[in-house]
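Q: Got a minute to walk through this one with me? I'd like the basics and then the pocket.

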Amino acid sequence: VLLETAWEALERAGIDPVSLRGSRTGTYIGATNSDYLPATAHWPQETEGYVLTGNATSVVSGRVAYS
């Protein structure tokens, strides 16, 4: 949802998101933790590596910047 919102914000501002590739553009996002991780008592073994980063708010700006 965040990725889609960031993309839409750029489009509405009249900025082509693709034009930012390789530029000196900063990505700043305010986020808070959620209680989703404790609610997932069991997850498939093949997804274990994504559980922490998928729920860590410290990586969200990097994910948007990378995309």
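A: Here is a quick run through the fold, the confidence, the pocket and two loop residues.

Q: Is this predicted or experimental?
A: This is a predicted model.

Q: What's the mean pLDDT?
A: The mean pLDDT of the protein is 81. Of its residues, 81% reach 70 or more.

Q: Where is confidence lowest, and where is it highest?
A: Helix α2, residues 36-39, is lowest, with a mean of 60. Helix α1 is highest, at 92.

Q: How many helices and strands?
A: The protein has 4 helices and 0 strands. From the N terminus, the order is α-α-α-α.

Q: What share of the residues is buried?
A: Of the 67 residues, 9% count as buried.

Q: And the accessible surface?
A: About 5800 Å² for the protein. Carbon and sulfur atoms hold 56% of that.

Q: What about contacts between residues 24 or more positions apart?
A: Take the contacts with a separation of 6 or more. Residues 24 or more positions apart account for 57% of them.

Q: On to the pocket. How much space is in the largest one?
A: The largest pocket holds about 570 Å³. It is lined by 21 residues. Closest to its centre are L10, L20, T27, V64 and A65.

Q: Which elements give two or more residues to that lining?
A: Those are α1, residues 2-12, and α4, residues 60-66. The largest share comes from α1, with 7 residues.

Q: How does the lining split by class?
A: It has 14 nonpolar residues, 6 polar and 1 charged.

Q: Switching to loops. Where does G26 sit?
A: G26 is in the loop between α1 and α2.

Q: Why does G26 count as partly exposed?
A: Because its relative accessibility is 46%. Partly exposed runs between the 20% and 50% cut-offs.

Q: How far is G26 from S61?
A: Their C-alpha atoms are 9.1 Å apart. Along the chain, G26 and S61 are separated by 35 residues.

Q: Now T57. Which loop is that in?
A: T57 lies in the loop between α3, residues 48-55, and α4.

Q: Why is T57 called partly exposed?
A: T57 gets that label because its relative accessibility is 31%.

Q: What is T57 in contact with, leaving aside neighbours within four places in sequence?
A: T57 is in contact with A31, T32 and N33.

Q: And how far apart are T57 and G30?
A: The C-alpha to C-alpha distance between T57 and G30 is 8.7 Å. In sequence, T57 and G30 are 27 residues apart.

Conventions. Residues numbered from 1 in each chain as written. Predicted model: local features only at pLDDT ≥ 70, side-chain atom pairs only at ≥ 80, totals over all residues. Heavy atoms only, no water. 1 Å grid on protein atoms, 1.4 Å probe; cavity = no way out; pocket = protein on both sides within 12 Å on 5 of 7 lines; lining within 4 Å. Points joined across faces, edges and corners; volume = space filled by probe spheres on them. Nonpolar A, V, L, I, M, F, W, Y, C, P; charged D, E, K, R; others polar. Buried < 20%, exposed > 50% of the residue type's maximum accessible area, 1.4 Å probe, protein only. Contact = heavy atoms within 4.5 Å. pLDDT = per-residue confidence, 0-100. Areas by Shrake-Rupley, 256 points an atom, 1.4 Å probe, with all protein chains shown as cover.
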